[in-house]
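Student: I have a new structure to read, and I would like to know how each description of it is justified. Could we go through it together?

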Amino acid sequence: MKANPAQTDAVILVGGRGTRLRPLTVNTPKPMLSTAGYPFLQHLLARIKAAGITHVVLGTSYRAEVFEEYFGDGSEMGLEIEYVVEEEALGTGGAIRNVYDRLRHETVMVFNGDVLAGTDLNAILETHESKNADVTMHLVRVSDPRAFGCVPTDTDGRVLEFLEKTEDPPTDQVNAGCYVFRREVVEAIPAKKVVSVERETFPQLLISGSRVYGHVDHAYWRDMGRPGDFVRGSSDLVRGVVHSPLLEGRTGESLVEASVGVAGGVILLGGTSIGRGSEIGAGCRLDGTVVFEGVTIEPGAVIEDSIIAAGARIGANARIKGCVIGEGAHIGARCELKSGMRVWPGVVIPDNGVRFSSDA
Ligand code: GDD
Ligand code: MG
């Protein structure tokens with residue numbers, strides 16, 4: 001039988017707290033953070049739609065209301081989106097079981113809501129069909145597998161073990177956060193309980209001899225859960241290194257909303273994106289940076305590989321590299337912020353308030 005995306009439900013897990021992206025996620029759930037001009041989740045939904053899947057269920061928990069307010073019933077995107085809210089977060093497995101009543105088809109494609117990938121989703125569905133699998137998981141090779149679920153397979157692609165975040169991974173092949181489930185496998189997950197799909201469901205399926213297969217590919221892949229990956233992923237979308245149907249024909253060195261004010265001599269490069277209503281002063285240089293809405297950047301500021309949240313203000317000639325600036329924070333003129341610094345929402349750093357170099 002040929003895999004049929006129209007006969008497949010998509011389930012997206014978007015209930016996590018996004019702690020590794022704080023303070024951006026203090027008010028906004030991670031999948032709703034602006035990435036290359038759109039909430040990250042919108043790029044994923046567009047990919048799902050482009051693959052031919054139209055029924056999507058979002059498993060929400062943290063800041064659940066934000067998703068429905070933005071996407072509604074999904075009809076504007078040509079999708080039918082339903083929302084299921086966990087009052088208390090049920091974990092990844094519990095979240096999947098929690099949407100069982102909304103499933104319409106025998107085949108269910110589950111997505112982590114924070115993965116940017118160029119993978120052919122239909123190819124994963126085809127592997128699932130051809131292997132007659134109970135679960136098929138998308139696998140990728142990464143340089144440091146310790147932060148992910150490590151998934152060794154045999155020569156036929158059958159999964160041998162699932163080792164979530166292990167210090168001593170036996171292979172560099174990891175769980176890419178996209179799975180195809182047979183519907184009855186979802187039903188078998190205990191209902192209304194906290195369950196980790198990675199630490200409980202997958203290991204148990206393997207012990208019980210279920211047919212769990214891997215689909216390995218070499219397409220673009222990135223987990224957007226940490227600031228460095230978030231800026232890189234956004235920049236790769238803007239530059240077209242990874243394709244988003246939302247950015248068709250608009251890729252380039254930068255992506256600037258029409259309402260943005262850009263003064264003379266400004267240099268925007270490295271996939272920088274600037275959100276609605278922001279103002280960039282004369283002579284600023286922004287490289288590989290994500291600027292949300294309503295941000296003011298005063299003349300001469302130099303910003304690299306950073307995320308500037310909504311309503312923040314960056315003073316003249318400030319230098320910021322590899323930082324996260326929270327909503328409404330104010331960085332004074334000539335401040336120099338070092339890589340890894342995170343400024344909390346509303347914090348005000350006075351002019352010359354942070355400097356690291358002894359000259360000037
Ligand atoms: N509804 C719901 N409820 N969603 C949840 C919950 C929950 O209790 N907990 C987490 N999620 C969602 C998050 O919002 C995210 O979209 C997804 O599940 C994965 O959670 P992360 O917190 O991003 O997990 P991770 O990145 O550390 O690890 C996972 O992803 C890796 C690939 O990116 C694991 O699946 C790893 O095995 C995998 O390699
Ligand atoms: Mg993640």
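Student: Into which domains is the protein chain divided?

Tutor: In this predicted model, the protein chain is divided into domain 1, covering residues 5-227, and domain 2, covering residues 253-355. The C-alpha centres of domain 1 and domain 2 lie 33 Å apart.

Student: How many residues of domain 1 are in contact with domain 2?

Tutor: There are 13 residues of domain 1 in contact with 15 residues of domain 2, where contact means heavy atoms within 4.5 Å.

Student: What makes the pair Arg 182 and Asp 134 a salt bridge?

Tutor: The definition asks for a side-chain nitrogen of Lys or Arg within 4 Å of a carboxyl oxygen of Asp or Glu. The side chains of Arg 182 and Asp 134 meet at 3.0 Å, N to O, so the pair satisfies that definition. Arg 182 lies in strand E11 and Asp 134 in the loop between helix H4 and strand E8, so the pair ties together parts that are 48 residues apart in sequence. A search of the whole structure finds 21 salt bridges.

Student: Why are Glu 68, Glu 69, Asp 73 and Glu 76 called a patch of negative charge?

Tutor: Asp and Glu count as negative, and a patch joins like charges within 9 Å, taking residues with over 30% relative accessible area and no salt bridge. Glu 68, Glu 69, Asp 73 and Glu 76 gather in such a patch on the surface, and Asp 73 lies in the loop between helix H2 and strand E5.

Student: What is the peptide bond from Arg 22 to Pro 23, cis or trans?

Tutor: That peptide bond is cis, with omega near 10 degrees, and Pro 23 is placed in the loop between strand E1 and strand E2.

Technical notes:
Residues are numbered from 1 along each chain as its sequence is written. Chains are lettered from A and ligands numbered from 1 in the order in which they are written. This is a predicted model: local features need pLDDT of at least 70, side-chain atom pairs count only at pLDDT 80 or more; totals for chains, interfaces and linings use all residues. Side-chain values use heavy atoms; hydrogens and water are left out. Patches are made of residues with over 30% relative accessible area and no salt bridge: like charges are joined within 9 Å, nonpolar side chains (Val, Leu, Ile, Met, Phe, Trp, Tyr) within 5 Å. Accessible areas come from the Shrake-Rupley method with a 1.4 Å probe; for residues, only the protein chains shown count as cover. The place of a charge is taken as NZ of Lys, CZ of Arg, CG of Asp or CD of Glu. Helices (H or I, at least four residues) and strands (E, at least two) are DSSP runs, numbered from the N terminus. Domain bounds come from an automatic or database domain assignment.
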